[in-house]
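Please look over the sequence and the structure below, and then follow the text through its pockets and its nonpolar cores.

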Amino acid sequence: MAKKSKKQQSGGTPATVALTAAGVPFTVHSYDHDPSHPSYGEEAAEAMGVSPDRVFKTLVADVDGTLTVAVVPVAGQLDLKALASAAGGKRAAMADPALAERTTGYVRGGISPLGQRKKLPTVLDASADRHATICVSAGRRGLEVELAPADLAALTSATLAPIGRE
């Protein structure tokens with residue numbers, strides 16, 4: 001695991017560029033991605049030596065026809081009903097992966113809630129507030145960014161709600 005300062009990453013992914021531009025403190029963690037690993041998020045937690053409840057995955061769902069970003073711990077699952085409710089909708093389903101990639105500008109397994117091609121409504125699981133910092137994808141497989149949950153919520157205009165389940 002190599003750590004790089006934000007100065008070293010300022011020309012990096014759209015996510016790290018957005019963080020640098022906002023003046024938000026963050027740490028970048030990189031690791032060698034193993035394409036055969038069954039879970040991107042669990043792989044990240046293991047590679048960084050971080051508890052899986054502090055590593056959050058970024059999922060794109062369709063809430064009543066609106067693509068919506070859900071950010072939940074990798075140790076659990078997204079509760080689609082809770083997401084729909086938090087986003088002010090009635091029904092939620094996982095978005096088509098190709099549509100999620102085109103809309104966000106990131107590849108599956110590397111979708112970041114930050115620096116997306118099109119800013120989407122975002123809901124961050126309320127459990128994020130239990131931690132001083134959390135890790136989310138920095139925009140590519142094998143690259144994570146660690147930052148304060150409040151900073152992530154502010155930069156993405158996220159709603160905090162209990163949308164994860166174990």
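**Pockets and cores**

The largest pocket is lined by 29 residues, and Tyr 40, Lys 57, Thr 58, Leu 59 and Gly 109 are the ones nearest its centre; a pocket here is an open set of points on a 1 Å grid over the protein atoms alone, where a 1.4 Å probe fits, with protein on both sides within 12 Å along at least five of seven lines, and lining residues have an atom within 4 Å of a point. This is a predicted model, in which local features need pLDDT of at least 70 and side-chain atom pairs count only at pLDDT 80 or more, while totals for chains, interfaces and linings use all residues. Residues are numbered from 1 along each chain as its sequence is written, and side-chain values use heavy atoms, with hydrogens and water left out.

At least two lining residues of the largest pocket come from each of α3 (40-48), β3 (56-63), α5 (97-104), β8 (134-140) and β9 (143-147), where helices (H or I, at least four residues) and strands (E, at least two) are DSSP runs numbered from the N terminus.

Turning to the interior, the largest nonpolar core has 27 residues, of which Leu 124, Val 136, Val 145, Leu 147 and Leu 152 touch the most other members; such a core joins buried (under 20% relative accessible area, 1.4 Å probe, protein chains only) Ala, Val, Leu, Ile, Met, Phe, Trp, Tyr and Cys residues through side-chain atoms within 4.5 Å. Two or more of its residues come from each of α2 (14-22), β3, β4 (66-73), β8, β9 and α6 (149-156). Apart from this core lies another of 12 residues, including Ala 61, Ala 70, Val 72 and Ile 163.

Key:
Buried means under 20% relative accessible area, exposed over 50%, partly exposed in between (1.4 Å probe, protein chains only).
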